[in-house]
Amino acid sequence: MSRPFCRKCLMEGVSMEELQAKIEAYLDAMPQDLRTSPEAYEARLLICEECPNLSNGLCKLCGCFVLYRAGQKNQTCPDTIARW
Ligand code: SF4
């Protein structure tokens, strides 16, 4: 049985700036109707910044890069009581 991969390990050697640029390029390539509005995206990220579950850009609850998760309109915060 194979082990699940670690997203953080896959990005070893990639700076936070490079990672952010890659995620934003990926989000920019998505159909606009699937994207979170710029205002909502900013609001979501502000909430993540203050959240104790944020660790080096990753959400400890779901393992997602919060930049990516927050950028998708149909996603929600995975906390028991969603923070956004
Ligand atoms: S997605 Fe939710 S639980 Fe995860 S870091 Fe952001 S606010 Fe916290």
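**Exercise 1.** In this predicted model, determine which residues T36 is in contact with, leaving aside its neighbours within four places in sequence.

*Solution.* Apply the contact criterion of heavy atoms within 4.5 Å. Once the neighbours within four places are set aside, the partners of T36 are Y41, R44, A70, G71, Q72 and K73. Next, locate T36 itself: the residue lies in the loop between α2 (16–29) and α3 (38–49). Then examine the polar pairs. The T36 side chain makes a polar contact with the side chain of R44 at 3.2 Å. It also reaches the backbone nitrogen of K73, at 3.3 Å.

**Exercise 2.** Decide whether T36 is buried or exposed.

*Solution.* The relative accessible area of T36 is 7%. Buried means under 20%; therefore T36 is classed as buried. For the protein as a whole, buried residues make up 31% of the 84 residues.

**Exercise 3.** Establish the order of the elements in the protein and assess how compact the protein is for its length.

*Solution.* First, count the elements: there are four helices and two strands. Read from the N terminus, they follow the order α-α-α-β-β-α. The radius of gyration is 13 Å, close to the 12 Å given by the globule rule for 84 residues, so the protein is as compact as a globular protein of that length. Finally, consider the contacts with a separation of 6 or more: residues 24 or more positions apart account for 55% of them.

**Exercise 4.** State how far apart the mean positions of the positive and negative charges are.

*Solution.* Take the 10 positive and the 11 negative charges as two groups; their mean positions are 9 Å apart.

Note on methods
Residues are numbered from 1 along each chain as its sequence is written. This is a predicted model: local features need pLDDT of at least 70, side-chain atom pairs count only at pLDDT 80 or more; totals for chains, interfaces and linings use all residues. Side-chain values use heavy atoms; hydrogens and water are left out. Buried means under 20% relative accessible area, exposed over 50%, partly exposed in between (1.4 Å probe, protein chains only). A polar contact is a pair of N or O atoms within 3.5 Å; within protein, one must be able to donate a hydrogen and the other to accept it, and residues adjacent in sequence count only if both atoms are side-chain atoms. The radius of gyration is taken over C-alpha atoms; the globule rule is 2.2 Å times the number of residues to the power 0.38. Lys and Arg count as positive and Asp and Glu as negative; His and the chain ends are not counted. The place of a charge is taken as NZ of Lys, CZ of Arg, CG of Asp or CD of Glu.
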